Amino acid sequence: MRQGNAPRTMTGTFMHIIRNDGPLALYNGISASLLRQLTYSTVRFGIYEELKARWTQRHGQPDSSSRAEPSFPVLLGMAVTSGGWLPNSSRAAVMTAGQLATYDTFKRLLIDYTPLGDTPTTHFSASFLAGLAAATATSPIDVIKTRVMSSTQNHGVVRLVGDIYKADGIGWMFKGWVPSFLRLGPHTICTFVFLEMHRKAYRRVKGLDDRKL
């Protein structure tokens with residue numbers, strides 16, 4: 001979305017904002033971002049956890065000490081559903097799948113195949129990998145969305161993608177990946193680390209066994 005002689009790099013843009021508008025300008029729009037997270041994120045996390053709990057309850061064995069675990073395709077379907085539908089929500093669906101389904105999958109793999117167990121180290125590692133997956137999965141959509149927003153011509157998405165490919169090659173899909181991950185990575189890590197802390201606190205308060213959540 002850069003215009004005119006605006007800096008072309010992330011570092012240059014960072015310094016340009018500080019020099020012209022001050023450090024606090026880096027937080028412009030934070031109130032809108034918080035409102036979005038308090039509504040959109042809570043809904044998608046809530047729906048995803050509810051779908052997962054219902055699946056586990058339906059497919060688990062009541063008298064078994066082992067817990068039924070949904071496969072990655074099932075988790076992916078739940079996450080996409082939790083992210084919303086309609087064309088305008090395509091990024092939300094991909095984002096939710098990239099975060100939630102991959103986090104649960106990475107967490108399960110770390111617990112099953114490493115000595116870490118269900119610990120904060122596992123939660124941090126799984127959420128870091130989930131952040132990588134989410135940033136990578138949403139990068140092409142972010143590029144297309146940004147180009148559509150900044151375009152002055154009434155071209156369709158297919159034509160737009162063709163023009164971007166001719167100009168930048170296959171690398172167009174990951175333009176802006178680094179700043180995207182620098183935002184999404186810490187956000188994903190904090191979200192899941194705090195979520196796991198909340199789960200453990202909730203279990204203690206309710207006196208629930210880990211197998212029941």
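Modeller: Two rings of Phe, Tyr or Trp count as a pair if their centres lie within 6.5 Å, the six-membered ring being the one taken for Trp. Please keep in mind as we go that this is a predicted model.

Biologist: Which residues do ring pairs link into a cluster here?

Modeller: The cluster is made of Phe45, Tyr103 and Phe192, joined by ring pairs. By the rule just stated, the count of aromatic pairs comes to four.

Biologist: How should I read a single pair, and what are the values for Phe45 and Phe192?

Modeller: A pair of aromatic rings is described by two quantities, the distance of the centres and the angle of the planes. For Phe45 and Phe192 the centres are 5.7 Å apart and the planes stand at 50°, and because an angle that is neither under 30 degrees nor over 60 counts as tilted, this pair is tilted. The pair also links distant parts of the chain, since Phe45 lies in helix α2 (residues 30-59) and Phe192 in helix α7 (residues 177-206), 147 residues apart.

Biologist: Are Phe45 and Phe192 buried or exposed?

Modeller: Both Phe45 and Phe192 are buried.

Biologist: Which arrangement do Trp177 and Phe181 show, stacked or edge-to-face?

Modeller: Trp177 and Phe181 form a stacked pair, with 5.3 Å from centre to centre and 5° between the planes. Trp177 and Phe181 are four residues apart in helix α7, so about one helical turn separates them. As for exposure, Trp177 has a relative accessible area of 23% and is therefore partly exposed, whereas Phe181, with a relative accessible area of 14%, is buried.

Biologist: Which residues make the nonpolar surface patch?

Modeller: The patch, of about 580 Å², is made by Phe14, Met15, Leu26, Tyr27, Ile30 and Leu34, and the elements that give two or more residues to it are α1 (10-21) and α2. One of its members, Phe14, is placed in helix α1 and is partly exposed, with a relative accessible area of 41%.

Biologist: Returning to helix α7, where Glu196 is placed, which residues does Glu196 touch, leaving aside those up to four places away in sequence?

Modeller: With those sequence neighbours left out, Glu196 touches Tyr103, Lys107 and His123; Tyr103 is also one of the residues in the ring cluster. Glu196 is buried, with a relative accessible area of 1%. A separate value concerns Asp118, which is 78 residues from Glu196 along the chain, while the C-alpha atoms of Glu196 and Asp118 are separated by 9.6 Å.

Notes. Residues numbered from 1 in each chain as written. Predicted model: local features only at pLDDT ≥ 70, side-chain atom pairs only at ≥ 80, totals over all residues. Heavy atoms only, no water. Buried < 20%, exposed > 50% of the residue type's maximum accessible area, 1.4 Å probe, protein only. Patch = residues over 30% accessible without salt bridge, like charges linked within 9 Å, V, L, I, M, F, W, Y side chains within 5 Å. Areas by Shrake-Rupley, 256 points an atom, 1.4 Å probe, with all protein chains shown as cover. Salt bridge = Lys/Arg side-chain N within 4 Å of Asp/Glu carboxyl O. Contact = heavy atoms within 4.5 Å.
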